[in-house]
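Student: I'm new to this one. Can you walk me through it?
Tutor: Sure. Have a look here, then ask away.

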Amino acid sequence: MSTPLPPVGAVTRRPLVLVAGNPNSGKSSLFNALCGTRTKVANYPGVTIERRSATMQAEGAGEVEVVDLPGTYSLAARSPEEQIAVESLMGRGVQRPDAILVVADATALARGLYLTLEVLEIGRPVILVLNMADEAARDGIVLDVPALERLTGARVVQTVASQGVGVDELRRVVAEVLGHPRPVPAPALTLSPAVRADVEALAAFIMTERWLTHQTEAAAWARWLLLSVEADGSDGLTGIPATLREAVVGIQQRASDAGRDIDLEIIASRYRLVDEWMTAASAVPRAERRSLTDRVDAVLTHRIGGVVAFGLVMLVVFQALFTWAEPAIEAIESLVALVQDGVRAVMPPGPLTALLVEGVVAGVGNVVVFVPQIALLFFFIGLLEDLGYLARAAFVIDRVMRAVGLHGRAFVPMLSGFSCAVPAVMSTRTLEQRKDRLLTMLVLPLTSCSARLPVYVLITATVFDAGSSVMGIRSGALALFGMYALSVVAALLAAGVLRRTVLPGPAPTFVLELPPYRRPVLSFLLQGVWQRVRTFLIDAGTVILALTIVLWALLSYPRDPEVTAQAEADRAAVMALALNDEARQARLDDIDSRESGAHLRNSVAGRLGRAFEPVIAPLGFDWRIGVGILGAFAAREVFVGTLGVVFDISGADEANEPLREVLRQATWPDGSPLMTPLAGVSLMVFFALACQCMSTVAIVRRESGGWRWALFMVAYMTVLAYAASLLVYQGGRWMGWGL
Amino acid sequence: MSPSSHRLLARVPVGSTAVVCRISGERPVVRRLLEMGLVPGTRVTVQREAPLGDPMELRVRNYALSIRRADALRIEVE
Ligand SMILES: Nc1nc2c(ncn2[C@@H]2O[C@H](COP(=O)(O)OP(=O)(O)OP(=O)(O)O)[C@@H](O)[C@H]2O)c(=O)[nH]1
């Protein structure tokens, strides 16, 4: 049995090719064109940057692993996420790349060449891909490929990724480079002698400490460190030895004391070289003719037209999320119910069946039910992004978002939050900087998602008389409007406060590229949507499923055998009576409801509700409402059903008159009514502000890279909700309202 | 204050072109703007402003870059 295994690793490793590039350069399209659809998407350990990889067949080189790096304008890093690109390119702690593709937009080559230059400095073989060659040709831009190859030392290939043009040639060049690796001379930056000495000193230190062994790489890393490290440690970079950090800060300090601006010198020297290359190898028509993009922008970013267009586009997206997803959601819900009935029909009643039906199947349903909205939202985001409109939307609305410390790009996630926080949190990925992403996903669950609506409807219908009105507006309508207004105000205020407290430091700079309008490729678009859905199902879905089961157990156990026995006896008694079918069924349903109610009251959740009553009583809630709130953690709308069960009314929905009636009749032990209008408003405020949704928690955990921020969100939202409800209820009582 | 030949990019009227001289301010912001190609000596055209007056759209190195006025106030041009 003990055949020795072949050694793993070095011997059989496949060549590794990394793909770097600016955002909007067509990098994803090129990656898809190169590798087809067999893309694996994973996360880099510990951070939320996706690592897309695939294998490609290269003639003569066999299977090659291709990895897509996060899109960046430069390698200088301000966060662990941005650091990934550099570490991968240098092969620090990971496999060193055998070749690096840099995808550049041929119509804006200078910016692409800046990144290319940074990559060339590392000294690995580079293939420069001039993508968007069709647009460059259309704009009359002439690029001298042989000259570029000579000047940069990289191989240069022109492509039109969206049409697959040049992709075969690129594959051939990759194979060639892998087959005949040759040393690449590092580009010669013209630094002042003093800054050159700074870089050399740091590189020498890196070499003596043996962090890197190649002179070129050490020098490249030294420049990167000098540009990226902050003396006060606010750079968020990880894995940099303390002694090295000290050395960097020391050199920076000495340079600035001597009046040298290292940042400016290094960056400017790079652009000097880029400009030289541009002059020698490209001809851009002097008089730019008014491009299509310019003419479209004259309308879409016009003072009035721009606002109208923005409103229309957002309206369509919002409407789609709200109404187009609905039929699919309903279909999924009926399918889940069907499966549940099926399981109940074939399995004997008992704890296992209950676990399957109410835990597992319901849990899977809880996951799948998000798919329609996720798919729709990402379809629209992908479409708008690829068209080029998403950047314009951010441009138009940034002034408003800025006021609360949010980025213009945060608008679409915030808007989708009104439909459902789960896809909305996922869509914060369109934000480039981690701080912007975190801030947006932390406040976004405050926007009033559609699952809160049934709760509001039940409560308003219960506590306000159908005829009552305030200044001619129906009280219920006013309360609903108030909740939406509250959610917007709360989200914006929270953003402002969090920006100043838990996510402090200078707000990340707003630099937004406005790419030309382009025609999207549908197949790439759909592929992107599918990748999102799949990652959601795998990463967040498992957590949601597990939480559903835990919650189900809390709401169902321990079971009191006496309750069951009593119900059985009651049923037998009813069966023995001479009744017509209808009357008998009514009696039986009644017994079922009482039984479920008794079990719930006896469960862990029921006991927790009672134990917590002193805590929530100041908000105007008794323990039964507490149990409803606990149950609502599965999904807010479940509040209605759970509340029904506590009050012995099964199968209740928000339009259920018996449930409303029983709520109106409900009293505190001293006989005073429970659901006064004031208590109702307090409960709605609580629901508006509390993080009553485990799926949101699960998705924030995934998108923020750990439980830390997810739990922080639950904590701050709960405190906020509690404080606000307390204020409403106690303040209201003090003013003598709603008694 | 800056010498009289220097103006701030935020004050350059729409449609005009200027040349970057100097960027001042917090290091991460300056570095970011430099890396986007706004190094001294670069020609920048102010293309338009957003409907609400901020941010503004620049044309630099043959691409369209949008920055906020607050950042354009750090950029001296001539
Ligand atoms: N005309 C033209 N359009 C292209 C080309 N390559 C990609 N596109 C389009 O450009 C848009 C952006 O392409 P992506 O591949 O998403 O660009 P990216 O660099 O990955 O951008 P991010 O996803 O933002 O990082 C899409 O609409 C593509 O269809 C090309 O060579 N020519």
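Student: What does Asp386(A) offer the ligand's oxygen atom, and at what distance?
Tutor: A polar backbone atom. An oxygen atom of the ligand is 3.1 Å from that atom of Asp386(A). Keep in mind that this is a predicted model.

Student: How much of the ligand does the protein bury?
Tutor: The protein buries 86% of the ligand's exposed area. Taken alone, the ligand exposes 650 Å².

Student: OK, what about Lys27(A), which atom does the ligand find there?
Tutor: Again a polar backbone atom. It is 2.9 Å from an oxygen atom of the ligand.

Student: And Glu135(A), what part of that residue is involved?
Tutor: Its side chain. An N or O atom there is 3.4 Å from a nitrogen atom of the ligand.

Student: How many residues surround the ligand, and which are the closest?
Tutor: The ligand has 20 residues around it. The closest are Gly26(A), Lys27(A), Ser28(A), Ser29(A) and Asp134(A).

Student: What mix is that shell, nonpolar, polar or charged?
Tutor: Six residues are nonpolar, eight are polar and six are charged.

Student: Which helix gives the most to the shell?
Tutor: H1(A), with three residues. Helix H4 (133-138) of chain A also supplies at least two.

Student: Switching topic. Which residues form the nonpolar patch on the surface?
Tutor: Val550(A), Leu554(A), Val604(A), Leu608(A), Phe612(A), Val615(A) and Leu630(A). Together they have about 500 Å² of accessible area.

Student: Which helices supply at least two residues of that patch?
Tutor: Helix H21 (522-556) and helix H24 (604-611) of chain A. Val615(A), another patch member, sits in helix H25 (residues 613-616) of chain A.

Student: How many salt bridges are there over all chains?
Tutor: The structure holds 37. In one of them, the side chains of Glu63(A) and Arg14(A) meet, at 3.3 Å from N to O.

Student: Where do those two sit in the chain?
Tutor: In distant parts, 49 residues apart. Glu63(A) is in strand S4 (residues 62-68) of chain A. Arg14(A) is in the segment before strand S1 (16-21) of chain A.

Student: Last thing. What is the confidence like for chain B?
Tutor: Chain B averages a pLDDT of 88, and 94% of its residues score at least 70. Strand S2 (residues 17-23) of chain B is highest, at 93. Helix H1 (residues 27-35) of chain B is lowest, at a mean of 89.

Student: And what does the model score overall?
Tutor: ipTM 0.93 and pTM 0.82.

How values were computed. Residues are numbered from 1 along each chain as its sequence is written. Chains are lettered from A and ligands numbered from 1 in the order in which they are written. This is a predicted model: local features need pLDDT of at least 70, side-chain atom pairs count only at pLDDT 80 or more; totals for chains, interfaces and linings use all residues. Side-chain values use heavy atoms; hydrogens and water are left out. pLDDT is the predictor's confidence in each residue, from 0 to 100. Helices (H or I, at least four residues) and strands (E, at least two) are DSSP runs, numbered from the N terminus. A residue is near a molecule or strand if one of its heavy atoms lies within 4 Å of it. A polar contact is a pair of N or O atoms within 3.5 Å; within protein, one must be able to donate a hydrogen and the other to accept it, and residues adjacent in sequence count only if both atoms are side-chain atoms. Accessible areas come from the Shrake-Rupley method with a 1.4 Å probe; for residues, only the protein chains shown count as cover. Ala, Val, Leu, Ile, Met, Phe, Trp, Tyr, Cys and Pro count as nonpolar, Asp, Glu, Lys and Arg as charged, and the others, Gly among them, as polar. Patches are made of residues with over 30% relative accessible area and no salt bridge: like charges are joined within 9 Å, nonpolar side chains (Val, Leu, Ile, Met, Phe, Trp, Tyr) within 5 Å. A salt bridge is a side-chain nitrogen of Lys or Arg within 4 Å of a carboxyl oxygen of Asp or Glu.
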